[in-house]
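The following report describes a protein together with its bound ligand. It is meant to be read alongside the sequence and the coordinates.

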Amino acid sequence: MGGVFGKIWGRLFGSKDYRTLILGLDGAGKTSILDYLDIGKATQTTPTIGFNVKTIRLKNLSFQAWDLGGQLAIRTYWKIYYPNTSAIIYVVDSADKDRFETSRKELHLMLAEAELHARPLLVLANKQDLEGAVSEADISQYMGLPHIKDREWAIFPCSASTGEGLK
Ligand code: G3D
Ligand code: MG
């Protein structure tokens, strides 16, 4: 993770544990990313009901990642986890063009929550290994990221299958 955003992220996460929410539609690859960061390789995942909580350590960073199930029926419970959240990671399936609009709506609904005010946002354009994956620049446009003015944000391409972009 480079540049100014990396520095902000680093300052935030020093050596303490902070709650980071990993959110995104079902199937975006949240659990796979968490597993890759945790054990350094791709794993078999099953749809998440409720949540997995893991503490991820990367270099000198340590943060708590919350992987919430994204299916429609349980998305309404995301709110329960908003208080005390330091930062947000939002995962997008870069090849799932049909659901970019749904994903954009959910992202902006979440960002409008008072409890997440000004929390930095990292968008991961996942599944870049798939043929037809949309570039992070185009996903940034689809997700309306350039319109976000009330917080630091960044987008990075990655693949939880190959590990590209995650470390
Ligand atoms: P979720 O936790 O966001 O719901 P998962 O998503 O991590 O459960 O991943 C959903 C499916 O996408 C899984 O496949 C997983 O292997 C796959 N996946 C996750 N990340 C990537 C990626 O970067 N590239 C590719 N090609 N696939 C990925 P299944 O087949 O188990 O549904
Ligand atoms: Mg999951």
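The report moves from the overall fold to the ligand site, and then to selected helices, residues and loops.

**Overall architecture**

The structure is a predicted model, and every value discussed below should be read with that in mind. The protein contains five helices and six strands, and when it is read along the sequence these elements follow the pattern α-β-α-β-β-α-β-α-β-α-β. Of the 167 residues in the protein, 46% are buried, while the accessible surface comes to about 8,400 Å², with 52% of that area belonging to carbon and sulfur atoms. Among the contacts with a sequence separation of 6 or more, 72% are accounted for by residues that stand 24 or more positions apart.

**The ligand site**

Around ligand 1 there are 16 residues, and those that come nearest are G27, K30, S32, T45 and D129. Sorted by class, this shell has four nonpolar, eight polar and four charged residues. Helix α2, which spans residues 30-39, supplies the largest share of the shell, namely three residues. Three polar contacts between the protein and oxygen atoms of ligand 1 are set out in the table.

| Residue | Protein atom | Partner | Distance |
|---|---|---|---|
| K30 | side-chain N or O | oxygen atom of ligand 1 | 2.7 Å |
| A28 | backbone N or O | oxygen atom of ligand 1 | 3.2 Å |
| A160 | backbone N or O | oxygen atom of ligand 1 | 2.8 Å |

Taken alone, ligand 1 exposes 660 Å², and the protein buries 72% of that area.

**Helix α2 and the residue after it**

The helix that gives the ligand shell its largest share is itself mostly covered, with eight of its ten residues buried. The buried residues of α2 are K30, T31, S32, I33, L34, D35, Y36 and L37. Two of these names, K30 and S32, also appear among the residues that come nearest to ligand 1, and K30 is the residue whose side chain provides an N or O atom 2.7 Å from a ligand oxygen atom. Helix α2 is followed by G40, which has a positive phi near 80°.

**The aromatic pair**

How many aromatic pairs does a search of the whole structure find? The search finds one. In general, a pair of aromatic rings is described by the distance of the centres and the angle of the planes. The pair is formed by F100 and Y142, and with 5.0 Å from centre to centre and 45° between the planes it is tilted. The pair links distant parts of the chain, given that F100 lies in helix α4 (residues 100-111) and Y142 in helix α5 (residues 136-142), 42 residues apart. The two partners can also be described by their accessibility. F100 has a relative accessibility of 4% and therefore counts as buried, the limit for that class being under 20%. Y142, with a relative accessible area of 45%, is partly exposed, because this value falls between the 20% and 50% limits.

**P83 and T85**

P83 has its place in the loop between α3 (72-75) and β4 (85-93), whereas T85 is found in strand β4 itself. Are these residues buried or partly exposed? P83 counts as partly exposed at 28% relative accessibility, while T85 is buried, with a relative accessible area of 1%. When residues up to four places away in sequence are not counted, P83 touches R19 and E115. The C-alpha atoms of P83 and E115 are separated by 5.7 Å, although the two residues are 32 positions apart along the chain. Leaving aside neighbours within four places in sequence, T85 is in contact with R19, L21, L116 and R119. R19 thus appears in the contacts of P83 and again in the contacts of T85.

**Loop residues with positive phi**

Which backbone angle draws attention to A118 and K127? A118 has a positive phi of about 65° although it is not a glycine, and K127 likewise has a positive phi of about 65° without being a glycine. A118 is placed in the loop between α4 and β5 (121-126), and K127 lies in the loop between β5 and α5. At 37% relative accessibility A118 counts as partly exposed, and K127, with a relative accessible area of 23%, is partly exposed as well.

How values were computed
Residues are numbered from 1 along each chain as its sequence is written. Chains are lettered from A and ligands numbered from 1 in the order in which they are written. This is a predicted model: local features need pLDDT of at least 70, side-chain atom pairs count only at pLDDT 80 or more; totals for chains, interfaces and linings use all residues. Side-chain values use heavy atoms; hydrogens and water are left out. A residue is near a molecule or strand if one of its heavy atoms lies within 4 Å of it. A polar contact is a pair of N or O atoms within 3.5 Å; within protein, one must be able to donate a hydrogen and the other to accept it, and residues adjacent in sequence count only if both atoms are side-chain atoms. Accessible areas come from the Shrake-Rupley method with a 1.4 Å probe; for residues, only the protein chains shown count as cover. Helices (H or I, at least four residues) and strands (E, at least two) are DSSP runs, numbered from the N terminus. Ala, Val, Leu, Ile, Met, Phe, Trp, Tyr, Cys and Pro count as nonpolar, Asp, Glu, Lys and Arg as charged, and the others, Gly among them, as polar. Buried means under 20% relative accessible area, exposed over 50%, partly exposed in between (1.4 Å probe, protein chains only). Contact means heavy atoms within 4.5 Å. Rings of Phe, Tyr and Trp (its six-membered ring) pair if their centres lie within 6.5 Å; planes under 30 degrees apart count as stacked, over 60 as edge-to-face and the rest as tilted.
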